[in-house]
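Work through these exercises with the model open beside you. Try each task before reading its solution.

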Amino acid sequence: MVIFMGVHCTACWEHRALVSAFAENHAQRVDVAIACVGGVDEVREFVAEIFTGVRVYADPDGHIARSWRVFVTPFAVGLDIEERVAGKLATPNLDNLTMLLARIASAEPADEEASAVEGRQQIHAD
């Protein structure tokens with residue numbers, strides 16, 4: 001599951017703890033990565049102390065988000081076992097993330113527009 005967030009997004013700041021707790025609580029069932037629009041230093045501050053054990057990628061120019069056709073944040077994209085898009089949702093809350101997790105587990109993708117987040121600098125909160 002890739003969750004798109006942004007350092008200049010008020011809702012993203014408000015959802016940080018929820019997304020972090022979801023990732024931690026479901027670590028055995030789903031791999032969660034954060035793609036965060038913002039500069040490396042801004043993203044480092046955004047994830048500091050809250051996203052431990054979650055891969056975070058800085059997206060300073062918004063390229064990752066655009067390549068996934070994500071134009072609002074926060075936004076979640078669930079990938080099935082074959083890395084196909086199994087579902088999407090805007091403004092993820094705990095109930096919606098849980099439903100998206102169930103959709104991922106069902107391995108019934110909604111479409112085939114999955115793309116990799118490779119080649120971007122991963123941020124570690126130190």
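**Exercise 1: Helix H2**

Just after H2, glutamate 49 has a positive phi of about 65°. Helices (H or I, at least four residues) and strands (E, at least two) are DSSP runs, numbered from the N terminus. The model is predicted: local features need pLDDT of at least 70, side-chain atom pairs count only at pLDDT 80 or more, and totals for chains, interfaces and linings use all residues. Residues are numbered from 1 along each chain as its sequence is written, and side-chain values use heavy atoms, with hydrogens and water left out.

Task: find which residues of H2 are buried, and where they lie around the helix axis.

Solution.
1. Fix the terms. Buried means under 20% relative accessible area, exposed over 50%, and partly exposed in between (1.4 Å probe, protein chains only).
2. Scan residues 40-47, which make up H2. Val43, Phe46 and Val47 are buried.
3. Look down the axis. These buried residues fall within an arc of 85°, so they line one face of the helix. The arc is taken from the directions from the helix axis to the C-beta atoms.
4. Check the other side of H2. Asp41 and Glu45 are exposed there.
5. Recall the geometry. An α-helix has 3.6 residues a turn, so residues three or four places apart point the same way.

**Exercise 2: Salt bridges**

Task: state how many salt bridges the structure holds, then characterise the pairs formed by aspartate 31, aspartate 41 and aspartate 80.

Solution.
1. Apply the criterion: a side-chain nitrogen of Lys or Arg within 4 Å of a carboxyl oxygen of Asp or Glu. The structure holds 4 salt bridges.
2. Take aspartate 31. It pairs with arginine 55, and the closest N and O atoms are 2.4 Å apart. This pair links distant parts of the chain, 24 residues apart: aspartate 31 sits in the loop between helix H1 (10-25) and strand S2 (33-37), arginine 55 in strand S3 (residues 55-59). Aspartate 31 is partly exposed at 48%. Arginine 55 is partly exposed at 31%.
3. Take aspartate 41. Its side chain meets that of arginine 44 at 3.5 Å, N to O. The two are 3 residues apart in helix H2, so about one helical turn separates them. Aspartate 41 is exposed at 61%, while arginine 44 is partly exposed at 32%.
4. Take aspartate 80. Its bridge to arginine 84 has closest N and O atoms 3.1 Å apart. Salt bridges that share partners join Asp80, Glu82 and Arg84 into one network. Aspartate 80 is buried, with 4% relative accessibility.

**Exercise 3: The nonpolar cores**

Task: find which residues touch the most other members of the largest nonpolar core, then list the contacts of phenylalanine 51 and isoleucine 3.

Solution.
1. Define the set: buried Ala, Val, Leu, Ile, Met, Phe, Trp, Tyr and Cys residues joined through side-chain atoms within 4.5 Å.
2. Rank the members. Of 28 residues, Met1, Ile3, Met5, Val32, Ile34, Phe46 and Phe51 touch the most others. Elements giving two or more residues to this core are strand S1 (2-6), H1, S2, H2, S3, strand S5 (85-90) and helix H4 (94-106).
3. Separate the other core. It lies apart and has 13 residues, among them Phe4, Ala35, Tyr57 and Val85.
4. List contacts (heavy atoms within 4.5 Å). Leaving aside neighbours within four places in sequence, phenylalanine 51 contacts Met5, Arg16, Val19, Ser20, Ile34, Phe46 and Val56.
5. Turn to isoleucine 3, in strand S1. Its relative accessible area is 0%, so isoleucine 3 is buried. With the same neighbours within four places left aside, its contacts include Val19, Val32, Phe75 and Leu97.
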